[in-house]
Amino acid sequence: MWLDQLSISGLRNIASQTLAFSPGLNVIIGDNGSGKTSLLEAIYLLSCAKSFRTPQLNRVKNHTGDGFRLFARIFNPQADELIPVGVEYKAGRMLIKVAGQVLRRSSDLATRIPVVVIHQESLRLLTHNVSYRKKFLDWGVFHVEQDYISHWRRYSRGLKQRNLALQQRNGSKGSESIWDKELILSAHQLDQARKRYISEFTPYFIDYLRQMLVADYTTTVEYYRGWAADIDYGEVLQVGLSRDRQVGYTMAGPHRADLLVRMNKVQVQDIASRGQLKQIVLAMYMAQVAVFNQRMGKGCLILLDDITAELDDRHIAMTLSVFERMGCQVITTSTELGRLQGHCKKGGKVFHVERGLFEEVIQYAAIKTMDVI
Ligand SMILES: Nc1ncnc2c1ncn2[C@@H]1O[C@H](COP(=O)(O)OP(=O)(O)OP(=O)(O)O)[C@@H](O)[C@H]1O
Ligand SMILES: [Mg+2]
């Protein structure tokens, strides 16, 4: 599955543009503020109807317009077919169409176009709160376990109702427990699926990390399921009920799951340098894509924002070759072509962007002589 062609209109500084991509490596070169990240944002929007930069889509549309429109052709090599995908945002509403059919849920879009984005803020996966790691974990499991989303929906619905009951001061005591059965069942399913996932993910992660990190550290990744390992979830809900009533929400459960990455037994954010944190984050994404590749027999679409600012030459080479070997389409941005030029083999494409206008560069040598680089 790869992105064959994309038309964008009214998104940030991109007025109207159509690009035809290579199924392999695509390099987007441009000065600061030219529109590189906006292009990746548009592609990411196609995969889940969300931006990786802001939860407010109103900010993503061009500030003079009333919305944005994306139209893509996704090539499915297994069926040898081109699938048209349209995403339109107007007056605060999102309309998603795949092959002419309107999709009700953005998660239906995600199964069709799995996209991984690695950008300036991806370090938050290790340095910020648990929500980033939980999202990472959920992406991984969601894409390889068919029933995961339905367990997650059941759990979320049950959790919401239980929390509402906990908050209702005048509500009859015990009404929270009506939801316990539903919660316990779906919590168990989510936990089992996540455990299976982590057992597949960990060997890949350790292996990629060994290739990435020069320093000789012992790195471990541990899955915390959101409640103690030695106690049944039903018991947790019962024992914690009075505390949950006090705070007005359910304190323990799969919604509190986390991934704990440690180097020499110390939490990674307390010991790793900034460069090492970047390498660990990359190894995590590589392992995630490797599990996807192993289970689904195909690659994902990888978006790498400002790759040369983040990595030295050895790590750039390793990153590109790992994703290439897994059959992934890669779209990467940079302000400088020089360090990426050696990777632009036959079949790859280079685009130059200036003020939201993208142009394919046919002769790599020609762009080198341009002053803009
Ligand atoms: N809603 C918007 N409407 C119009 N223009 C916008 C909007 N949001 C951002 N921009 C402008 O779009 C341009 C492109 O931004 P973008 O973040 O894509 O640049 P970039 O090429 O990734 O730059 P950098 O190398 O600094 O990361 C910038 O000039 C920015 O100010
Ligand atoms: Mg940018």
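**Helix packing, sheets and ligand shell in the predicted model**

Helix H6 passes helix H10 in a right-handed crossing. The model in which this arrangement is described is a predicted one, and the packing of the two helices can be specified further through their axes, which come within 8 Å and cross at roughly 135 degrees. That angle makes H6 oblique to H10, since angles over 145 degrees would be needed for a roughly antiparallel pair and angles of 65 to 115 degrees for a roughly perpendicular one. On the side of H6, the residues that meet H10 are Tyr197, Glu200, Phe201, Tyr204, Phe205, Tyr208, Leu209 and Met212, while H10, which spans residues 274-296, contributes Gln279, Ile280, Leu282, Ala283, Met284, Met286, Ala287, Gln288, Ala290 and Val291. Sorted by class, this contact of H6 with H10 holds 15 nonpolar, 2 polar and 1 charged residues.

H6 (residues 180-212) also packs against helix H5 (residues 148-167), here at an angle of about 140 degrees and with the axes 9 Å apart. H5 is therefore oblique to H6, and the crossing in which H5 passes H6 is left-handed. The contact draws on Tyr148, His151, Trp152, Arg154, Tyr155, Gly158, Leu159 and Arg162 from H5, and on Glu182, Leu183, Ser186, Ala187, Gln189, Leu190 and Ala193 from H6. Its composition by class is 8 nonpolar, 4 polar and 3 charged residues.

H10 has a further packing partner in helix H4 (residues 130-144), with an angle of about 10 degrees between the two and axes that lie 9 Å apart. Because angles under 35 degrees count as roughly parallel, H4 and H10 are assigned to that category. In this pair, Phe136, Gly140, His143 and Val144 of H4 meet Met284, Gln288, Val291, Phe292, Arg295 and Met296 of H10, and the residues of the contact divide into 6 nonpolar, 3 polar and 1 charged. Met284, Gln288 and Val291 of H10 are thus listed in the contact with H4 and also in the contact with H6.

Turning to the strands, an open sheet of 6 strands with mixed pairing follows the order E8-E12-E13-E3-E14-E15. Strand E8 (115-118) and strand E15 (357-361) are placed at its edges and have a single partner strand each, so that one side of each remains without a neighbour in the sheet. From one strand to the next, the twist averages 20 degrees. Within this sheet, strand E3 (residues 25-30) is joined to strand E14 (residues 349-354) by 5 bridges in the parallel sense, and Gly30 has Val353 of E14 as its bridge partner.

Another open sheet, likewise of 6 strands, is arranged in the order E2-E1-E4-E5-E6-E7 with antiparallel pairing. Its edges are formed by strand E2 (14-20) and strand E7 (101-102), each of which pairs on one side only. Strand E4 (residues 67-76) and strand E5 (residues 81-90) run antiparallel and are connected by 10 bridges, with Glu88 of E5 serving as the bridge partner of Arg69. Helix H1 packs on this sheet, where H1 touches strand E1 (2-11) together with E2, E4 and E5, and the direction of H1 makes about 110 degrees with that of E1.

H1, which comprises residues 36-48, is also the element that gives the most to the shell around ligand 1, with 3 residues. Altogether, 15 residues surround ligand 1, and the closest are Asn13, Asn32, Lys36, Thr37 and Ser38. By class, this shell contains no nonpolar residues, its members being 11 polar and 4 charged.

Methods:
Residues are numbered from 1 along each chain as its sequence is written. Chains are lettered from A and ligands numbered from 1 in the order in which they are written. This is a predicted model: local features need pLDDT of at least 70, side-chain atom pairs count only at pLDDT 80 or more; totals for chains, interfaces and linings use all residues. A residue is near a molecule or strand if its C-beta atom, placed from the backbone, lies within 6 Å of it. Helices (H or I, at least four residues) and strands (E, at least two) are DSSP runs, numbered from the N terminus. Ala, Val, Leu, Ile, Met, Phe, Trp, Tyr, Cys and Pro count as nonpolar, Asp, Glu, Lys and Arg as charged, and the others, Gly among them, as polar. Two strands pair if DSSP finds at least two bridges between them. Axes are lines fitted to C-alpha atoms, for helices over the stretch in contact, and angles run from 0 to 180 degrees between N-to-C directions. Two residues are in contact if their C-beta atoms, placed from the backbone, lie within 7 Å. A crossing is left-handed if the near helix is turned anticlockwise from the far one by less than a right angle, and right-handed if clockwise.
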